[in-house]
Amino acid sequence: MEREKLQAWRDWVRAELESCVSFWLEHGMDKEHGGVYTCLTRDGKVFSTDKSVWMQGRCAWTFSYLCRVYGKKQEWLDAAKSCLDFLEEHCINRTAGDRLYFTVTADGKPLRQRRYCFSEGFYAIGNAEYYGQTGEREHLERARKAYQLVYDLNHGMPDPTGMGPKTIAETRTGRALADPMIFLNMTGVMRRVDPEQAALYDRYAAECVHDIFAYHHKPEMKCTLESVGVNGEFQGDFTAGRVVNPGHDIECSWFLMEEANRTGDAALHKKAEDVFNFAIEAGWDKEYGGLLYFIDCKGLPPEAYEHDMKLWWPHNEILIASLMAYRDTKDEKYLEWFFKTAEYCKTCFADDVCGEWYGYLRRDGKPTEPPCKGSTFKGPFHVPRSLIMADVLLGDILEG
């Protein structure tokens with residue numbers, strides 16, 4: 001019976017993936033200027049023509065990764081290439097050390113430059129994954145250059161944009177969990193398509209794992225903190241120092257599980273499971289279901305107004321992490337978390353009428369009004385990535 005249940009969920013996952021991919025190909029791709037629009041209404045109408053630079057790189061990665069898992073389709077390669085070409089032509093600040101912008105206009109005029117370097121990271125994985133499918137060396141070289149730039153910026157390189165840190169460093173400085181966790185995921189992509197530099201990627205991955213556990217993971221507090229002092233100090237006197245983002249932690253947990261599986265490190269896998277368990281047990285809304293967006297590790301009021309909303313991407317991360325943990329450990333509690341989360345996603349996020357998933361729900365699970373399928377931060381990435389990986393993981397489990 002459990003096998004039938006798993007197969008039924010796999011069938012649902014595959015149907016949702018087809019719906020999601022079709023939605024973005026039909027409504028998101030800009031046939032005039034290239035690249036992808038991501039600010040889309042429920043039924044796919046563009047409500048803002050400004051383009052997210054993050055999403056150009058993420059979209060390129062997604063459609064290239066679809067080719068890797070399911071076989072090459074020209075439509076997918078064309079979508080990836082459109083985003084990569086748009087990035088190359090319009091989204092790089094050539095006067096500031098090849099930092100990438102954060103948003104640009106429909107035709108590529110720069111709008112915003114931000115301090116953090118996630119645009120560069122998603123540019124790197126998009127180019128890398130596309131290289132993995134085409135063998136076009138220029139994309140590998142672009143990926144390598146951007147990847148190293150992110151590493152350097154995260155390790156003290158002066159920002160060529162000249163913006164400086166977010167807070168006055170003499171008053172307060174620290175570390176952000178997003179830096180090592182996202183770089184660990186980037187490293188996994190780079191290693192897979194670029195074995196020539198495996199030694200470099202192995203070294204950088206080990207550094208990421210060290211930083212996550214040496215500074216951010218607090219087993220005595222049963223949480224993993226978003227922000228800490230330079231030496232991992234708990235900064236509990238102000239709200240930013242107490243923030244836990246359960247979705248981030250759960251995403252981080254499967255990045256760590258992948259690294260543990262690659263290295264055969266059972267102790268690391270167990271610690272990654274702890275990251276998952278602390279986050280989901282503290283973040284799951286026991287009244288309405290779903291994962292809260294932010295929580296305070298001391299149970300105090302979070303500062304972010306949206307702290308008790310339910311966003312799409314943390315639930316995508318639960319689908320991946322729970323299945324990976326179950327596949328690797330056979331512990332039934334992880335399979336139960338998958339079933340519970342999948343049911344919540346099917347009921348609240350998936351849209352059987354228009355396709356794709358709502359991005360933003362209120363705490364009670366109803367979509368914000370008017371509902372949307374995309375924004376500056378939501379595009380063809382978290383939903384398709386989770387569905388692709390869930391399909392593969394369910395296949396692994398069903399095949400024993």
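**Entry 1: a small set of strands**

I began with the sheet, where 3 strands form an open arrangement in the order E1-E4-E5 with antiparallel pairing. Strand E1 (51-52) and strand E5 (110-112) stand at the edges, and each has a single partner strand, so one side of each is left without a neighbour in the sheet. A note to self before going on: this is a predicted model.

Next I looked at how E4 meets E5. Strand E4 (residues 103-104) is joined to E5 by 2 bridges, and the two run antiparallel. Which residue of E5 is the bridge partner of Val104? I found Pro110 there. As a general reminder, strands of a sheet pair through backbone hydrogen bonds, parallel or antiparallel.

**Entry 2: Asp98**

I then moved to Asp98, which sits in the loop between strand E2 (92-93) and strand E3 (99-100). What does the side chain of Asp98 make a polar contact with? Its partner is the side chain of Lys145, at 2.7 Å. Leaving aside residues up to four places away in sequence, I listed what Asp98 touches: Ile92, Asn93, Lys145 and Leu149. Lys145 therefore turns up in both look-ups, as a polar partner and in the list of contacts.

**Entry 3: helix H7**

Helix H7 (residues 198-216) was my next stop. H7 has 19 residues and reaches 26 Å from its first C-alpha to its last, close to the 27 Å expected at 1.5 Å a residue. I also checked which residues of H7 are buried: Tyr201, Tyr204, Ala205, Cys208, Val209, Asp211, Ile212, Phe213, Tyr215 and His216. Worth keeping in mind while reading such a list: an α-helix has 3.6 residues a turn, so residues three or four places apart point the same way.

**Entry 4: backbone oddities**

Last, I went through the backbone angles. Most residues other than glycine have a negative phi, and most peptide bonds are trans. I noted these exceptions.

- Lys330 is not a glycine, yet its phi is positive, near 65°. I placed Lys330 in the loop between helix H10 (312-329) and helix H11 (332-349).
- Glu356 has a positive phi of about 60° and is not a glycine either. The loop between H11 and E13 holds Glu356. Is Glu356 buried or exposed? Its relative accessible area is 1%, so I logged Glu356 as buried.
- The peptide bond from Glu369 to Pro370 is cis, with omega near -10°. Pro370 lies in the loop between strand E13 (360-361) and helix H12 (382-398).

Note on methods: Residues are numbered from 1 along each chain as its sequence is written. This is a predicted model: local features need pLDDT of at least 70, side-chain atom pairs count only at pLDDT 80 or more; totals for chains, interfaces and linings use all residues. Side-chain values use heavy atoms; hydrogens and water are left out. Helices (H or I, at least four residues) and strands (E, at least two) are DSSP runs, numbered from the N terminus. A polar contact is a pair of N or O atoms within 3.5 Å; within protein, one must be able to donate a hydrogen and the other to accept it, and residues adjacent in sequence count only if both atoms are side-chain atoms. Contact means heavy atoms within 4.5 Å. Buried means under 20% relative accessible area, exposed over 50%, partly exposed in between (1.4 Å probe, protein chains only). Two strands pair if DSSP finds at least two bridges between them. The expected span of a helix is 1.5 Å times one less than its number of residues.
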